[in-house]
Every structure is written in structure tokens, then in C-alpha cells.
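Trainee: Could you walk me through how the labels on a model like this one are earned?
Mentor: Happily; let us have it in front of us and begin.

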Amino acid sequence: MTRLYFYCEGQTEESFVKHSLAPIFWQKEILVIPIICRTKEGPQGVFKGGLVDYNKAVKEVHRYCTEHPHEAITSFIDYYGLKNLPSLPDIEDKYELIDKLENQFAQDVNCGNFIPYISLHEFESLLFSNPEEFRYLNEDAVQIFEQVLQDFNGNPELINNGIQTAPSKRILNVISNYGKVLDGNRIANRITLPVLRQKCRHFSEWLDKLENINL
């Protein structure tokens, strides 16, 4: 059975991999293993989650790739908030931008078993695929988030990544008690993976690559 390691930004992504992605890969005889990034190490132990540094991601992913040379490694990290990004031309098209960034990520890791993925713009983008599923948390949120989705021509992945306008910030501004791990994954599960893939092109293309791994 093929093993597929997911280098996850935090617990939200880890939970999504375990509960939403693992079953579909298991059917294809691919064993999914999520790994949460290490953000700090010291006398008090190792702290995981909340990746903010591109260079650290490159270093860690390279290590995992060399430790598992005959197995696939992919990343599951957010573009929003990622620091120390490589210099890229000023590109207006967000899909072209993220494609170039992922290609650079792959070059910097420099391992043939690495399949890069950087969320456009973050995990919470996926949740705007069907705003109706926010109803159990806050009925008023449904109409607000439907308008947000409409403002971006129905494309959740294009919801911008400003300090107050990133998808997660928009959610918290309306639903102050929103829990990223529990609520985020519950909503994603209610939306269903086929709908997420239909609405989120970049996300779907990533899964297509993973489902056709040939190492």
C-alpha cells in the first residue's frame, strides 16, 4: 500500500485530512499520514501548528522527503499569513500566482517525491463553498457569506487575504465563537467533498494529482 504524508499547517488541516480525505485515499489503497509542522522546540518540548515561515516549511518538508524517499509527501498550508515568501513577479491572476509559488516551493525542497499545495487563500476558503452550512452556528451568517461569495463571482478560493478580509477573519467577524478545528471540519463535512471540489478548482486539481500518485 502506498503511503502519502501530509505536511499540515495545524490541527484544522490535520483533522480534515484524517476525517475527510483519508477515506477516499484508502479506497485507492493509499494510506494517509498527516504531520503537523513544528513551530517551536525548546526545554518545554515541541510545539506544533500555526506555520508562518516559508523557509521553515522548505526545511521541514525536505527532511520528511529524504526520510521517506520512496513515499509521497504533500503540503497543506495557507498562502494567507505565510512569511518570507520567495520573490515573484507581480501577478494579478491568483491561480497563476499560486502555481508559480508552488513550483518555487517544489524547486526549493528539491525532492522528486514532493507534491506542493498551498491553499488559496486558506483552509476556510473551502467553507464558503456552501454558506448555508453555517446556519447551525449563526443564521445571520448565511446571507452575509452568500453575499461575500457572490462578490467573488461564486469562487471561494478568490476571497481575498487581507488582515480583516481573509476567509477566517470574515467568519470570526460574524461568528465570534467559531472554532477552527471543530466547526471548520464539521462544516466542511456537511458541505461534502464533491461540492468542495466542484467549487474550488485549485483544491480539486491538488486532489487529482494525489489520487494519481505513481512513485
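**From values to labels**

Mentor: In this predicted model, Phe16, Leu21, Ile24 and Phe25 of H1 touch Phe203, Trp206, Leu207, Leu210 and Glu211 of H8.

Trainee: What makes the residues of the contact of H1 with H8 divide as they do into nonpolar, polar and charged?

Mentor: Glu counts as charged, while Phe, Leu, Ile and Trp count as nonpolar. The split is therefore eight nonpolar, no polar and one charged.

Trainee: Why is H1 called oblique to H8?

Mentor: Helix H8 covers residues 201-211, and H1 packs with H8 at an angle of about 50°, their axes being 11 Å apart. Under 35 degrees would count as roughly parallel, and 65 to 115 as roughly perpendicular. An angle of about 50° falls in neither range, so H1 is oblique to H8. The hand of the H1 and H8 crossing is right-handed.

Trainee: Let us turn to another pair. What makes H2 oblique to H3?

Mentor: The angle again. Helix H2 (residues 54-67) packs with helix H3 (residues 94-109) at about 55°, and their axes are 9 Å apart. Since about 55° is neither under 35 degrees nor within 65 to 115, H2 is oblique to H3. H2 passes H3 in a right-handed crossing.

Trainee: Which residues make the contact of H2 and H3?

Mentor: H2 brings Tyr54, Ala57, Val58, Val61, His62 and Cys65, and H3 brings Leu101, Gln104, Phe105, Asp108 and Val109. By class, eight are nonpolar, two polar and one charged. Asp is the charged type here, and His and Gln belong with the polar ones.

Trainee: Why are H4 and H5 called roughly antiparallel?

Mentor: The axes of H4 and H5 cross at roughly 155° and come within 10 Å. The cut-off for roughly antiparallel is over 145 degrees, so H4 and H5 get that label. The crossing of H4 and H5 is right-handed. In the contact, Ala141, Ile144, Phe145 and Val148 from H4 meet Arg170, Ile171 and Val174 from H5. Those residues come to six nonpolar, no polar and one charged, with Arg counting as charged.

Trainee: On to empty space. How many cavities of 30 Å³ or more are there?

Mentor: One cavity reaches 30 Å³ or more, and the volume of the largest cavity is about 40 Å³. What makes it a cavity is that a 1.4 Å probe fits but cannot get out.

Trainee: Which residues line the largest cavity?

Mentor: Its lining consists of Phe76, Tyr117, Ser119, Leu120, Glu122, Phe123, Ser125, Leu126, Glu157 and Phe203. They divide into six nonpolar, two polar and two charged.

Trainee: And what is the volume of the largest pocket?

Mentor: The largest pocket has a volume of about 300 Å³. It is called a pocket because its set of points is open. Of the 16 lining residues, Glu9, Asp78, Tyr80, Glu122 and Lys180 are the closest to its centre. Helix H1 (11-26) and helix H5 (167-174) each give at least two residues to the lining. By class, the lining of the largest pocket has four nonpolar, six polar and six charged residues.

Trainee: Last, the backbone. Where does the model have a cis peptide bond at His121?

Mentor: The bond runs from Leu120 to His121, and its omega is near -5°. His121 sits in the loop between strand E7 (118-119) and helix H4 (139-151).

Trainee: What is phi of Glu29?

Mentor: Phi of Glu29 is near 60°, which is a positive value in a residue other than glycine. Glu29 lies in the loop between H1 and strand E2 (30-36).

Notes
Residues numbered from 1 in each chain as written. Predicted model: local features only at pLDDT ≥ 70, side-chain atom pairs only at ≥ 80, totals over all residues. Heavy atoms only, no water. Axes fitted to C-alpha atoms, helices over the stretch in contact; angles between N-to-C directions. Helix = DSSP H or I, 4+ residues; strand = E, 2+ residues; numbered from the N terminus. Left-handed = near helix turned anticlockwise from the far one by under 90°. Contact = heavy atoms within 4.5 Å. 1 Å grid on protein atoms, 1.4 Å probe; cavity = no way out; pocket = protein on both sides within 12 Å on 5 of 7 lines; lining within 4 Å. Points joined across faces, edges and corners; volume = space filled by probe spheres on them.
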